[in-house]
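Q: I'd like a close look at one part of this model, the place where the two chains meet. Take me through it slowly, please.

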Number of protein chains: 2
Amino acid sequence: MTKAHMHTQATVVASYVDGDRLWDRLMALARFGALPGGGVNRQALSSEEIAARAEIVRWAEAIGLVPSTDAAANLFLRLPGRDDSLPPVLVGSHIDSQPTGGKFDGAYGFLAGIEVVEAIRSAGIQPRRSIDVVAWMNEEGSRFAPGMMGSAVFSGARQLVDIYPLKDAAGVPVQAALEQVLAAKPSLPLRPFGWKPHAFFEAHIEQGPVLELERKTMGVVSGIQGKRTFRVEVVGEENHAGTSPRGVRRDALVAAVNIVQALQNALWDKDDIVRFTVGMFTVSPNAPSVVAARVTFSIDLRHPDATTLTRLGDRVAPLCQEHRLRCEVNVRELLHDPPLEFPQHIRDKLMRISNALGISNMEIASGAGHDARYLHYICPTAMIFIPCKAGISHNEAESIQKEHATAGARVLAEAVLDLTNAE
Amino acid sequence: MTKAHMHTQATVVASYVDGDRLWDRLMALARFGALPGGGVNRQALSSEEIAARAEIVRWAEAIGLVPSTDAAANLFLRLPGRDDSLPPVLVGSHIDSQPTGGKFDGAYGFLAGIEVVEAIRSAGIQPRRSIDVVAWMNEEGSRFAPGMMGSAVFSGARQLVDIYPLKDAAGVPVQAALEQVLAAKPSLPLRPFGWKPHAFFEAHIEQGPVLELERKTMGVVSGIQGKRTFRVEVVGEENHAGTSPRGVRRDALVAAVNIVQALQNALWDKDDIVRFTVGMFTVSPNAPSVVAARVTFSIDLRHPDATTLTRLGDRVAPLCQEHRLRCEVNVRELLHDPPLEFPQHIRDKLMRISNALGISNMEIASGAGHDARYLHYICPTAMIFIPCKAGISHNEAESIQKEHATAGARVLAEAVLDLTNAE
């Protein structure tokens, strides 16, 4: 097969991508867990998500895809290739959402994957390798923390036995929730863990403002920035707001505020590359007339450069100690994920395809974590982003344009077909 | 009756105060709502408090006191005087507690009141005026805010219809909770509002460290410092911690921390007289990977000088606006209680009695608010404090000494009897 021939085949497949069909499926999926504000509450392994899975399996079977799952409730929909013994190409994302999430987030990448196989089928092509459209279990981590749970287990980064005991706020363990999903009818064949895909593609909304600001239809993701997370506990002493002089207080809120400001100042960078967030800050007893005895707060620190991330993250605990005033402080690091860079040759391929299709594009770094992080360690992995309105995400107001969704699926269709036919 | 005769009578009554009996009642009352850490959770109008009320009524009837209540569920136990048509002398405090409160707080002042009438009865004296031992409803304000609710309604500072719709965290309105208490068996005669007591005495634990530091057994309270409370709402925008650059964020937590530090700096005083507390600080959505959209925090500001309190309190809203960064900020003032000074002649009387009994004493200002605040506006009112260990209060570790409790009740017995016999 010549390069010229491949190129012709690719543009043929892209032309079979049907933007209306993709959009209709996005709207249909958004009915599962729909919220009044236009978003969705479809958290991992919830009844809303179970209902969505059943509907998706019906869609898949109607177009000849073969559904299956694994013990982590990752959902696979297979378009069988000519040689089913070869490792398949995976394409997809996730269908779970935040409690007040948008309807596009992971849903777009998953449904773009379905549109890719629809386009390949419509073009009358049976690829050499099979294609599995995949929805990874619990990417968001809102009901069961941490997120990216299904892809972590699939890739071997975590073991099933380690996630089984993790509980949601109601005390339900992951194991029980998984059993409920896996027992849902119709029950699906169970695939083993431990196999390596030929490649993985994930499309996603950007969740940031860059593509919109740069007026580009698509971003080829260079990599995912590194992330370190911490939990800081500040312990003071409960006291009466009216009677205790400042001089005798050990006010946990005063100390925590002092620490947060010190961290902010120390981690400030002129170029605005460092991402430093205190998103959770919980006070006890949290009563207006009681001096706070305890504050627990989160630190989310991200940077695309591994050395800088290590250097800045290593300053967190000492800074907390220096600024604790008269309180005790305990700092625990929960996560240290180094930055990663997707393979250059697939990024180049995505860029070439996008140019050939006349779709404006740019290279873009991912600020958010994605399931692609874990797949990257076991197979060639790539991501594309499409713009989302004003960069708003994890919010019911999340919004994308049909033309961008369509363009992303067209690039994806080309790239997936190309890889399925590769040696 | 000559002055010499009165003095003799008074010291007689003090000798009938039984410290063991008082202590036993403190321990018995502490079983209602008892917590494993030695404190109590006996919040206003709760089932624990209803059970405590029933037990107290049994104690009262056993010693010949006449129980009654009013529509605000203030509880009165009357020792009838020789002339029941005269306005009675009131003595007491409250029996409700914070969620993790100590067992002495208001309970001491109420049970000291019972001990006062026990001593007067034991001495074989029937006073001229009746004495009502009183437990004011909801002093703490932890279940239903604001506190001092019963004394506020009794004194006319608030109307019953204004407190009826106020709800607890479970959505139960004060009205429904009051009905439950008033319907409890045995049902008590209902007294009207609008009458003025002849005088009110309240004993209380200090809730601060001064008496212990000064090694005094009793404090005669000069007055209650003024208090202004505010609720500050900081509104930013929810965003993704990984993707949104600092430059586009409107981070409500960053702004709130900035405001709290600015307030702290601006309200700092060398002499440590200003009481400035941010005890409640609630973040939304309070998720580690989400930039905070909203922070609501409380400000509790107290000062014994009316002019200073006004001046400092008036700076709060402008300071919040100046330091809001890119967020919106709304400041509501919830309360402005000016400082008050109890009448000098009753304070002098308490000091004379204390000296006559050989009880070490000092004048002391109250940092905390008390039901005496509202009674002060309708009748001559006075307070005494006894020491509490290390000034710790609103805490299960709250602790007092039996000798101090006894000494306080002895002074109170003298003062109450003196006033009941006054013209």
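How many residues of chain B are in contact with how many residues of chain A? And once that's settled, which elements give two or more residues to the side of chain B that touches chain A?

A: Keep in mind that we're looking at a predicted model. On the count, 48 residues of chain B are in contact with 47 residues of chain A. As for who supplies them, the elements of chain B that give two or more residues to the side touching chain A are one helix, α9 (252-267), plus the strands β10 (275-277), β11 (281-284), β12 (290-291) and β13 (294-303). The top contributor there is α9(B), which puts in six residues. If you sort that side of chain B by residue class, you get 18 nonpolar, 24 polar and six charged.

Now for how the copies are arranged. Chain B lands on chain A after a rotation of 180° with 0.4 Å of shift along the axis, and the RMSD of that superposition is 0.4 Å. The two copies are thus related as by a two-fold rotation axis. Want a landmark for that axis? In chain B, the C-alpha nearest to the axis belongs to B:V257, at 2.8 Å. The same surface is used by both copies, too: 96% of the contact residues of chain B turn up again in chain A.

B:V257 takes us straight to the helix pair at the interface. Helix α9 (residues 252-267) of chain A packs with α9(B) at an angle of about 115°, their axes 10 Å apart. The crossing of α9(A) and α9(B) is left-handed. From α9(A), the residues making the contact are A:V254, A:V257, A:V260, A:Q261 and A:Q264, and from α9(B) they are B:V254, B:V257, B:V260, B:Q261 and B:Q264. In terms of class, the contact of α9(A) with α9(B) comes to six nonpolar and four polar residues, with no charged ones. Set that beside the whole side of chain B that touches chain A, where six residues are charged.

For context, here's another helix crossing, this time inside each chain. In chain A, the axes of helix α2 (residues 19-29) and helix α13 (residues 402-421) come within 9 Å and cross at roughly 110°. α2(A) and α13(A) are therefore roughly perpendicular to each other, and their crossing is right-handed. On the α2(A) side you'll find A:G19, A:L22 and A:W23, which meet A:K402, A:A405, A:T406 and A:A409 in α13(A). Those residues split into four nonpolar, two polar and one charged.

Over in chain B, helix α2 (residues 19-29) and helix α13 (residues 402-421) pack at about 110° with axes 9 Å apart. That makes α2(B) roughly perpendicular to α13(B), and the crossing of α2(B) and α13(B) is right-handed. The contact there comes from B:G19, B:L22 and B:W23 of α2(B) together with B:K402, B:A405, B:T406 and B:A409 of α13(B).

Finally, zooming out to a single chain: chain A has 13 helices and 17 strands. Its radius of gyration is 23 Å, close to the 22 Å that the globule rule gives for 423 residues, so chain A is as compact as a globular protein of that length. Along its principal axes, the C-alpha trace of chain A spans about 80 × 50 × 40 Å.

Technical notes
Residues numbered from 1 in each chain as written. Chains lettered and ligands numbered in written order. Predicted model: local features only at pLDDT ≥ 70, side-chain atom pairs only at ≥ 80, totals over all residues. Least-squares fit on C-alpha atoms with pLDDT ≥ 70 in both. Contact = placed C-beta atoms within 7 Å. Helix = DSSP H or I, 4+ residues; strand = E, 2+ residues; numbered from the N terminus. Nonpolar A, V, L, I, M, F, W, Y, C, P; charged D, E, K, R; others polar. Axes fitted to C-alpha atoms, helices over the stretch in contact; angles between N-to-C directions. Parallel < 35°, antiparallel > 145°, perpendicular 65-115°, else oblique. Left-handed = near helix turned anticlockwise from the far one by under 90°. Rg over C-alpha atoms; globule rule 2.2 N^0.38 Å.
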